[in-house]
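Colleague: I am new to this structure, and I would like to learn how to read it step by step. Could you put it in front of us?

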Amino acid sequence: MNRLVSGFVLALLSVVLPNIGHAQQAAPQRGGTLVMVVQPEPPTLASYQSTSGPIGQVAAKVYEGLLEYDFDLKPIPGLAKSWTVSPDGKTITFKLQEGVKFHDGQPFTSADVQFTVLEVLKKIHPRGINTFRAVESIDTPDPLTVVFHLSEPAPYMLMALSGYESPMLPKHIFGTGDINNHPNANKPIGTGPFKFVEWQKGQYMRFDRNPDYWKKGRPYLDRIVARFIADGSTRAATLETQEAQIAGFNAILPLDVKRLQSLPHIAITTKGYEMQSPIVELDFNTQKKPFDNVKVRQAIAYAIDRKFIIDNIWFGFGKPATGPISSNFKATGIYTADVRNYNVPNGVDMANKLLDEAGYKRGADGTRFEIIHDVTPYGEEWRRFGEYVQQQLAKLGIKVSLRYEDVPTWLRRVYTNYDYELTNNWIQTLADPVIGVHRLYHSKSIKQGTVFVNGTRWSSPETDKLMDDATVETDPKKRAAFYHEFQKKIVEASPIVFVLELDFVTVYNKKLQGWLVSPLGLYSSFDQAWLEK
Amino acid sequence: MTAKGLRYVLRRLALAIPTILTIVVLNFALVHLAPGDAADVLAGEAGSATPQYMAQLRQKFGLDQPLSVQLAVYLKQVVTFDLGYSFRHGMSVSELIATRLGPTLLLMLTVLALSVGFGVLLGAIAARNLNRWRDNAISVLAVLAYATPVFWAGLMLIVVFSVKLGWFPVSGMEEVAAFKEGWARVADIARHLVLPAITLTLFYLALYTRLMRASVLDQYAMDYVVTARAKGLTERQIAWRHVFRNAVLPVLTMAGVQIGALLGGSVVVETVFAWPGLGFLAYESLFARDINLLLGIFFVSGCLVVSVNVLIDLAYSLLDPRIELR
């Protein structure tokens with residue numbers, strides 16, 4: 001029996017843990033073309049202007065950032081060799097790597113950093129506008145030194161300097177012309193291990209090895225080709241026949257993952273998404289009856305069986321969420337599980353009790369009230385989730401009808417017209433709460449017409465203050481304390497039901513090694529990736 | 001071509017201009033009925049946005065202008081054959097359509113040739129063997145092929161011929177790991193073409209087979225067949241020289257109608273086989289509210305349908321000289 005259990009655990013571990021150890025043992029082999037499946041096709045390659053998911057998977061092979069990150073979410077050197085933060089947190093000095101060249105042969109210097117941050121990211125990057133809001137000026141005392149002057153401390157900024165989040169652009173290219181509509185937007189020139197060659201719309205993008213890459217001897221691959229295949233079953237078949245070697249961000253549907261997993265040449269992993277941390281949620285319209293009442297919101301939070309949803313709708317790829325901040329932030333001390341626990345066995349009873357207290361008694365036919373539940377149009381599983389909520393709330397005497405719409409219609413409804421009662425949704429909480437979490441709860445983030453901000457319109461001066469304090473707090477302990485308090489308050493008020501922390505799955509060929517080297521996963525440069533012959 | 005024929009074509013083309021302009025205006029009105037805009041979608045995909053960013057996008061796309069101004073601007077462009085710019089793709093619409101038109105034509109003309117060719121042949125065979133086993137077999141297969149959902153047929157072909165047998169690639173238009181050139185590339189594209197072409201052909205083939213069969217049977221009931229027999233022509237001569245030629249006309253009409261639809265691409269087959277055609281581009285642009293691109297595709301399809309109709313009318317007069325071009 002014991003052996004059986006340990007055997008099972010080993011099998012489980014070998015599935016869950018990627019081949020990192022293996023990759024370090026074997027010596028990397030040179031050459032080969034890596035074919036990756038990217039879903040969907042990116043709308044553009046301008047990663048300095050759009051954070052649309054698939055862009056990062058390709059653009060990060062070309063553009064690099066000042067920093068990279070280790071699995072503890074700690075910054076490590078990237079294009080910046082070292083950095084120092086002044087004691088008051090308002091001056092950050094970066095020393096740049098020597099001998100770094102852009103793909104056109106021009107050297108990468110401090111002027112490029114200054115230009116990229118002040119003229120591009122701070123102005124037109126959807127998240128950069130926030131990330132770099134405290135940056136007042138940037139000095140360039142010499143070509144390899146960059147000094148950021150901030151109006152207030154900004155500890156979160158150091159978490160947002162990867163090549164995916166804040167790509168460094170060549171000033172001599174992007175400094176001329178209209179940056180909003182630049183001729184090089186889809187012909188990127190960066191410092192990365194791979195050079196952009198061509199983009200056949202609807203088919204593939206091709207990137208060839210950069211022989212002059214500043215990390216000597218890298219990259220190992222000759223070429224990376226990103227392919228775009230709209231059909232889920234076909235994507236699975238390309239991995240099965242080894243036409244492609246890797247597909248992430250659930251490009252292989254959970255149903256197919258189960259099947260592919262049994263093939264000898266396929267491995268899967270849920271690592272490499274630690275800086276995305278998506279949370280599946282139910283969002284209330286807190287300014288409209290009946291969800292203006294905190295007891296009603298809490299009742300729904302109690303009634304949802306998170307385990308059931310994870311196992312049956314997301315095929316086990318996830319874990320119950322406890323609050324607004326993902327448990328991936330455990331390493332940084334920010335996360336706490338010490339909040340009101342809605343994930344209890346007698347949730348339905350609790351919910352019924354709360355609804356009675358809230359004054360929504362059952363009518364003669366057992367119905368308390370009726371609502372429309374919107375379903376976010378991002379795939380089948382959301383429909384299943386909606387159907388589950390419909391059934392579960394029926395147990396509470398809430399009659400739910402479901403509404404399905406396409407993406408633009410749904411976004412308009414939730415974030416511009418606020419014409420909804422309850423919608424399911426998912427939010428990436430990203431590399432730091434300031435970037436990924438504040439937008440959902442701060443009063444200042446109630447911005448009509450802007451998507452994926454505070455659409456529930458719930459806010460309180462207390463939580464606003466906690467977020468404001470945490471934003472500028474440089475002492476990690478004190479910062480964590482602010483966030484612990486914040487999580488308690490938010491979970492108590494329940495403007496959003498936190499359902500599960502979604503695990504994205506990457507399916508890859510075992511011949512592909514060395515690709516998973518940081519929490520950025522597929523958003524990293526693949527300079528260490530190699531193919532076994 | 002005769003002077004009469006030329007005059008006919010020119011007159012038809014002149015008549016097409018108001019038709020196409022009406023199509024453009026109607027399409028413009030229709031696509032603007034859908035709620036939400038391209039800025040919502042782009043920001044939505046980004047998963048994060050600030051009000052400045054959204055305003056920037058709308059200004060850049062011209063979405064901050066009143067609808068009437070947007071229509072006027074668009075019409076002015078179309079008249080000069082400028083289909084505008086797809087901000088989502090960062091490319092001009094005509095360039096985008098041009099890259100997709102080639103693969104679409106390749107796939108669709110192959111499908112059309114195969115399905116009309118085999119359809120006519122099988123229909124004729126079935127009709128000549130009325131109610132015997134050949135006829136029954138062909139009819140059953142035709143109905144079966146027609147009733148099978150296209151996406152399922154495509155996936156099954158992939159499972160059998162790509163995954164299990166490994167004869168054909170799973171998807172795409174060419175081998176991207178190798179980037180072949182010259183004749184090797186042609187052969188490579190042909191190999192990629194096989195499965196999507198068969199999938200679509202199976203569907204259309206049934207239609208033409210049934211149509212041809214019925215049409216041949218109709219023609220055999222005509223008086224001229226009796227006359228032909230009376231003057232001593234062999235069955236073979238009657239069939240090939242008289243009956244089949246007349247029987248093909250309705251098939252041609254059908255092909256003319258379908259060619260328009262075919263040129264719009266097939267979303268299903270393009271999706272399943274990752275074939276870079278117009279259909280999927282249109283589908284995508286609808287959900288992305290990429291209005292310029294969508295209207296551009298409609299415009300090009302509209303022009304194609306109009307010109308194909310003229311060509312089909314010309315083909316009638318070739319096949320049946322009694323039909324006059326007026």
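Colleague: How many residues does the contact take from chain A and from chain B?

Modeller: Two residues are in contact if their C-beta atoms, placed from the backbone, lie within 7 Å; here the contact takes 47 residues from chain A and 48 residues from chain B. This is a predicted model, in which local features need pLDDT of at least 70 and side-chain atom pairs count only at pLDDT 80 or more, while totals for chains, interfaces and linings use all residues. Residues are numbered from 1 along each chain as its sequence is written, and chains are lettered from A and ligands numbered from 1 in the order in which they are written.

Colleague: Where is pLDDT under 50 in chain A?

Modeller: pLDDT is the predictor's confidence in each residue, from 0 to 100, and it stays under 50 over residues 1-24 of chain A, although chain A averages 91. Where pLDDT is low, the predicted coordinates should not be read in detail.

Colleague: Which residues of helix 17 of chain A are buried, and which are exposed?

Modeller: A residue is buried if 20 or more other C-beta atoms lie within 10 Å of its own, exposed if 12 or fewer, and partly exposed in between. In helix 17 of chain A (helices are DSSP runs of H or I, at least four residues, numbered from the N terminus), the buried residues include Arg479(A), Tyr483(A) and Phe486(A). Seen down the helix axis, the buried residues fall within an arc of 120° (taken from the directions from the axis to the C-beta atoms), so they line one face. On the other side, Lys477(A), Lys478(A) and Glu492(A) are exposed.

Terms used
Helices (H or I, at least four residues) and strands (E, at least two) are DSSP runs, numbered from the N terminus.
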